Amino acid sequence: MTAALTQDRALPEASHADMANAIRALAMDAVQKADSGHPGMPMGMADVATVLFTRFLKFDASHPDWPDRDRFVLSAGHGSMLLYALLHLTGYPGMSIGELERFRQLGSKTAGHPEYGHAPGIETTTGPLGQGLGNAVGMALAERLLNVRYGDDVVSHFTYCVAGDGCLMEGISQEAISLAGHLKVGRLIVLFDDNQISIDGPTSLSVSDDQIERFRASGWHTASVDGHDPEAVALAIENARSVTDKPSLIACRTVIGYGAPSKAGTAATHGSPLGVEEVTGAREKLGWRHKPFEVPKPVLAAWRAVGTRHRAANEAWTKAAGRLDAEARAHLTDPVDAKIAKAISQAVAAAKQDFAREGAKLATRQSSQKVLERLVPVVPGLIGGSADLTGSNGTLTKLHKIVKAGDFAGNYIHYGVREHGMAAAMNGMALHGGIVPYGGSFLVFTDYCRPSIRLSALMGQRVIYVMTHDSIGLGEDGPTHQPVEHLASLRAIPNLNVFRPADSVECAECWELALLDKDTPSILALTRQGLPPLRTTPTNENPSARGAYVLIEPKAKRDVTLIGTGSEVSLAVEAAKQLAEEEIKAAVVSMPCCELFEAQDESYRDAVLGKAPRVAVEAAAEFGWDKWLGESGAFVGMRGFGASAPAQDLYRHFGITADTVTAAARDLTSAKKRKGKKAKGKKGKGEN
């Protein structure tokens, strides 16, 4: 089938040049009006984008959420006006000419970099270079996984990604390229904007990689074309589409700022408006004699026809999907519907009863694995994995089947030592729909994938990060592997739930919360060392859902409140017993998720924390705990980096023990008593 025959209906008369120039004009006009932005990339890639959208990309602008649409990812997100112009021209809802005129303004749908959720057609948030490439790998992987499950009639589409020199310089690109090549993820086509210009100037200042050979070495199909020759670009895309057993790279040699009379091909067009004189000159050179933001009717009509040309394909797909049962059809986009959510809660309840009955001392990474054994059978869309730490993370169960190169029937991915690529791919899978991804590594290595975790939160994606070895409790591997500041830094990310369960029962509850929250990613910070069971008579209720709760309440009025997370809650429990022997009445609060606790109403928070002095214990940095401790509270935790030694020795060495918590509580209660006596004495003197 030739490129021209891939469209469902003929287009109105308009030349390729006019259609591409409409993109260029809108891009330079919007950037000029905003006095901010990146006109060069959209102007340089306009020909490639026009070929892709008019001849190949399967979409229906009036149904932007069509599950079997092709995905278009603009990894080079600084060139956002390329995407916005295409969405406007093809008739996507909400992307009016007024939105283009409000480019980069507060409240507009046309942010400086594309933001998922701002407007239909924006498949992912890009801007941090290379992230979109990683997302595209995940989307293409999701397509292959779902294709095996649903068949060609329901899931059969391509993922296209526009990446620039900067995307390919970022380290994440190598992880993504290598993973996709190894797994033979077909139906993924990367269009490389090979303009050889970066912000500082020519890319030769800093890089001399042969990108064709680089991708080929990772198992990709490759091609190189003149990005301003529409027929050459079309032939390259058509050839790439025929290669189904590997991903494809098409290096498109382009001129950045194409059409600008004096700045084309230079860094001057990269990140600044062209200027009034240069814009006028570009209009003259391109033969575009129309006012700013004006697209002539024949050209706009041709573009709008592009937006509808696959409507028949959408209708055919709707009939095919209609033959599925209602549940299977719903799971194409929502892998956790009401029925699955109920099954998750039932599975978690059963796991909690298992833990209570067995009463075993388990590391929460082991508890997590046991919970997964309950969850995997009831959540078909749950796709697991690990960054080469499967045994350590406990992310694989006997119920999993491994995804292998070219074989996507499995539900577990060996990501290799590619934490960043794993996280970006999981974002792509979540964005694609139909999948809930989770992936494991050590908590300290969230440093290697933090940009993708941040984007999970920014985009509101249900991605679950199973991060084990969460403290000095990992022991002998030493300070390079012992997270200290990581909990605080992760808690600082908005819209990210950081769970640190205290025992097996809490671990099960945290898994339930992570799976049922559609709009928030989760970190499960889990231990290497075994923890004693604390909740020995669990109910079907999930107290972890409120972020913190009273685990132990003394019979009489509290003298002190001990707050712990994770492995240190058991230290607080032991300290409370010691304090009871001294007739100091201590409540113990378990706080598995600070974010959920902060979201509770003030009356609940006050009831949990109480009015007594507070001591917090966590084998991590103190940063952020003042919010819960107040001015007079005490913190028992880490004051610096860890060390290499057995876990129990490290806890003693750093003073994170029940004895230390007891001493801190004793000091606080003594100080309160002294303060009370002093105040009483002053009151008595005043009465004399």
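## Helix crossing and a parallel sheet

In this predicted model, helix 1 and helix 11 are roughly perpendicular to each other, because their axes cross at roughly 90°, and angles of 65 to 115 degrees count as roughly perpendicular. The axes of helix 1 (residues 16-34) and helix 11 (residues 297-306) come within 10 Å. On the side of helix 1 the contact is made by Asp18, Met19, Ala22 and Ile23, while helix 11 contributes Val299, Ala302, Trp303 and Val306. Sorted by class, this contact of helix 1 with helix 11 has 7 nonpolar residues, no polar residues and 1 charged residue.

A second element of the model is an open sheet formed by 6 strands in the order 9-8-10-11-13-12, with parallel pairing. Strand 9 and strand 12 are the edge strands, each of which pairs on one side only. Averaged over the sheet and with direction ignored, neighbouring strands are turned by 20° against each other.

Within this sheet, strand 10 and strand 11 run parallel and are joined by 5 bridges; in one of these pairings, glycine 439 has tyrosine 465 of strand 11 as its bridge partner. Helix 17 (residues 419-432) packs on the sheet, where it touches strand 8, strand 9, strand 10 and strand 11, and the direction of helix 17 makes about 165° with that of strand 10.

The residue ranges of several strands named above are as follows.

| Strand | Residues |
|---|---|
| Strand 8 | residues 382-386 |
| Strand 9 | residues 412-414 |
| Strand 10 | residues 436-442 |
| Strand 11 | residues 464-468 |
| Strand 12 | residues 497-499 |

Notes:
Residues are numbered from 1 along each chain as its sequence is written. This is a predicted model: local features need pLDDT of at least 70, side-chain atom pairs count only at pLDDT 80 or more; totals for chains, interfaces and linings use all residues. Side-chain values use heavy atoms; hydrogens and water are left out. Axes are lines fitted to C-alpha atoms, for helices over the stretch in contact, and angles run from 0 to 180 degrees between N-to-C directions. Helices (H or I, at least four residues) and strands (E, at least two) are DSSP runs, numbered from the N terminus. Angles under 35 degrees count as roughly parallel, over 145 as roughly antiparallel, 65 to 115 as roughly perpendicular and the rest as oblique. Contact means heavy atoms within 4.5 Å. Ala, Val, Leu, Ile, Met, Phe, Trp, Tyr, Cys and Pro count as nonpolar, Asp, Glu, Lys and Arg as charged, and the others, Gly among them, as polar. Two strands pair if DSSP finds at least two bridges between them.
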